[in-house]
Amino acid sequence: MHPRLLWLTIPLLLSACAGPLPAPDPKMAWVDLEAREVTSLLMAERLDDGRYFQVAPGAHDLETIYRYYYGNTMGRNTLPIGCLLRLRYPDFAAGQRYRLKVWAQGTQVQGELHDAAGQQLAEIEVLSCGFY
């Protein structure tokens, strides 16, 4: 992707984060989404607001889309990669806040679910990745 195009897409990606988040429902579990790279995007799949999950207590499979650029960090010869990820966790608790962190090391995508204290609870499963 040309460097100018890359910088033009960043404001569009950030506009998805516009607007305040609603107050968490104490009867539900809240899962924040965090992508480590500045030029990457992690979005909740199949929800109106892709910035977080708010789920009932219990077991859930959460699907996310992770997009990032692989290649030269100066913006030349980069490849846009999109991945569909799944997190399976059996014990979301009402009123608790969780954080799903995802990152790429080269072409390998990794991710972990952490509780509010920072303890790792689960790892993501990469369902598919490809160029977009």
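**Disulfide and strand architecture of a predicted model**

The torsion about the S-S bond of Cys83 and Cys129 is about 110°, so the disulfide is right-handed. The two cysteines belong to a model that is predicted, and their sulfur atoms are placed 2.0 Å from each other. The count of disulfides comes to one. Cys83 is located in strand E5, whereas Cys129 is located in strand E9 (residues 125-131); the bond therefore ties together parts that are 46 residues apart in sequence. The two partners were also assessed for solvent accessibility. With a relative accessible area of 2%, Cys83 falls under the 20% cut-off and is therefore buried. Cys129 has a relative accessible area of 42%, a value between the limits of 20% and 50%, and is therefore classed as partly exposed.

Strand E5, which spans residues 79-92, also contains Arg86. The relative accessible area of Arg86 is 16%, and this residue is accordingly buried. When residues up to four places away in sequence are not counted, Arg86 is in contact with Asp61, Leu62 and Glu63, as well as with Ile124, Glu125 and Leu127. Of these partners, Glu125 and Leu127 fall within the residue range of strand E9, the strand that holds Cys129.

At the level of the whole chain, the secondary structure consists of one helix and nine strands. Their order along the sequence is α-β-β-β-β-β-β-β-β-β. Contacts were further examined by separation in sequence: of those between residues at least 6 apart, 58% join residues at least 24 apart. The chain has 132 residues, and 35% of them are buried. Its accessible surface amounts to about 8000 Å², with carbon and sulfur atoms accounting for 54% of that area.

Confidence was evaluated both for the chain and for its elements. The mean pLDDT of the protein chain is 86, and a score of at least 70 is reached by 82% of the residues. Among the elements, strand E8 (residues 120-123) has the highest mean pLDDT, at 98, while helix H1 (residues 3-15) has the lowest, at 45. The pLDDT is below 50 over residues 1-15, a stretch that makes 15 contacts in the model beyond near neighbours in sequence.

Methods: Residues numbered from 1 in each chain as written. Predicted model: local features only at pLDDT ≥ 70, side-chain atom pairs only at ≥ 80, totals over all residues. Heavy atoms only, no water. pLDDT = per-residue confidence, 0-100. Helix = DSSP H or I, 4+ residues; strand = E, 2+ residues; numbered from the N terminus. Contact = heavy atoms within 4.5 Å. Buried < 20%, exposed > 50% of the residue type's maximum accessible area, 1.4 Å probe, protein only. Areas by Shrake-Rupley, 256 points an atom, 1.4 Å probe, with all protein chains shown as cover. Disulfide = S-S within 2.5 Å.
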